[in-house]
Amino acid sequence: MNNVVVSFPVKNEASNIIQVLNALENQTHKPIKAIIANDGSTDNTKELALKFDFIDIIDLPKREESLVGKKEMAEIFNSCIQPVSIIHKNSSVDYLLIIGGDTILPPTYIEKLINKFNENPKLMIASGCISGDNSIKYSGFMVPGAGRMINYPYWLSIGGLFPINEGWEAYPVYKANLEGYQTKVFDEISFELLRPTGGRTDYFAYGKAMKALGYSKIFALGRIIKQPFLKGKSIKTSYDMLTGFLCVKTQLYEKELRKFVKHTQLKRLRLRR
């Protein structure tokens with residue numbers, strides 16, 4: 001039996017939390033625990049969540065500003081991921097599943113992903129695809145943040161927490177590939193988000209993340225130029241990303257990882273073997 005723990009933050013999710021937790025409770029492969037970071041909710045999100053007996057709540061201080069799209073959001077996620085290490089000492093956690101406060105998983109989601117991991121020992125991070133009204137397609141080996149399952153012993157081997165830096169969500173995916181492991185989005189497995197993803201992204205921070213992770217200048221420029229042609233994006237989006245990418249104060253990740261990211265992107269552009 002593979003033990004799975006679910007971690008996710010919530011902020012004023014009273015309208016969604018029952019659906020989200022019902023979906024977890026109805027999994028054919030049930031998680032042994034779900035740890036929620038209650039990020040200063042002012043509604044009854046916490047009270048509704050505590051109706052479920054497999055839930056632990058981590059209460060965080062109330063704050064006015066939104067951290068969505070900023071590196072500080074990594075700290076919010078870490079607050080509900082760090083306690084998994086304590087559970088692991090007693091129950092040997094095999095997989096960490098990260099979702100959002102609006103993530104609806106079909107009943108066989110966890111079971112199907114575990115089967116994929118069991119079939120491929122090199123697979124370390126995986127998810128299903130986002131379907132429904134707010135569907136989005138991921139290309140290459142990048143894996144969406146919500147619905148992401150991680151081999152927990154591997155997660156511990158790379159620190160067990162997200163780095164507090166721009167690009168924190170992408171970092172473990174690139175790290176796994178750098179180390180010769182695989183990451184994948186499975187199109188035949190899907191889940192739904194109740195809200196569109198990326199709607200509150202800080203695109204200046206996005207530009208800083210591209211620099212921190214070592215994006216090829218050609219690849220980054222392509223990302224920046226195409227923004228005004230995408231739904232909900234604008235010239236300002238491109239400007240914010242460009243100024244973030246050119247920011248000299250960006251904290252860079254390790255040289256080996258940045259070199260790997262750049263080389264991978266140039267291969268995708270067919271500019272390097």
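This is a guided tour of one predicted model, to be followed with the structure open in a viewer.

The model is predicted, so local features need pLDDT of at least 70 and side-chain atom pairs count only at pLDDT 80 or more, while totals for chains, interfaces and linings use all residues. Residues are numbered from 1 along each chain as its sequence is written, and side-chain values use heavy atoms, with hydrogens and water left out.

**Stop 1: strand β1**

Please select residues 4-10, which form strand β1. Helices (H or I, at least four residues) and strands (E, at least two) are DSSP runs, numbered from the N terminus. Seven of the seven residues of β1 are buried, so the strand is largely enclosed by the rest of the structure. Here, buried means under 20% relative accessible area, exposed means over 50%, and partly exposed lies in between (1.4 Å probe, protein chains only).

Display the side chains next. In a regular strand the side chains alternate between the two faces of the sheet. From β1, Val4, Val6, Phe8 and Val10 point one way, and Val5, Ser7 and Pro9 point the other way.

**Stop 2: the neighbours of β1**

Add residues 33-39, strand β2, which pairs with β1 in the parallel sense over six bridges. Two strands pair if DSSP finds at least two bridges between them. Within this pair, Phe8 stands opposite Ile36. Now add residues 95-98, strand β4, which pairs with β1 in the parallel sense over four bridges. Here Val5 stands opposite Leu96.

Select helix α1 (residues 17-25) as well: β1, α1 and β2 make a right-handed β-α-β unit. A crossover is right-handed if, with the strands pointing away from the viewer, the path from the first strand over the helix to the second runs clockwise.

**Stop 3: the loop between β1 and α1**

Asn16 lies in this loop and counts as buried at 10% relative accessibility. Which residues does Asn16 touch, not counting those up to four places away in sequence? They are Gly101, Asp102, Leu194 and Arg195, where contact means heavy atoms within 4.5 Å.

Select Glu13 and Arg195, whose side chains meet in a salt bridge (2.7 Å, N to O). The pair links distant parts of the chain: Glu13 is in the loop between β1 and α1, and Arg195 is in the loop between β8 (182-193) and α8 (203-212), 182 residues apart. A salt bridge is a side-chain nitrogen of Lys or Arg within 4 Å of a carboxyl oxygen of Asp or Glu. Glu13 is buried, with a relative accessible area of 5%, whereas Arg195 is partly exposed at 32%. Adding Asp102 shows a network of salt bridges that links Glu13, Asp102 and Arg195.

**Stop 4: a link between β2 and β3**

Select Lys33 and Asp56, whose side chains meet in a salt bridge (3.6 Å, N to O). Lys33 lies in strand β2 and Asp56 in strand β3, so the pair ties together parts that are 23 residues apart in sequence. Asp56 counts as partly exposed, at 33% relative accessibility.

**Stop 5: helix α3**

Select residues 73-81, helix α3. Why is α3 described as largely enclosed by the rest of the structure? The reason is that eight of its nine residues are buried; among them are Met73, Phe77 and Cys80. The buried residues of α3 pack against β1, β2, β3 (55-60), α4 (84-91), β4 and α6 (152-157).
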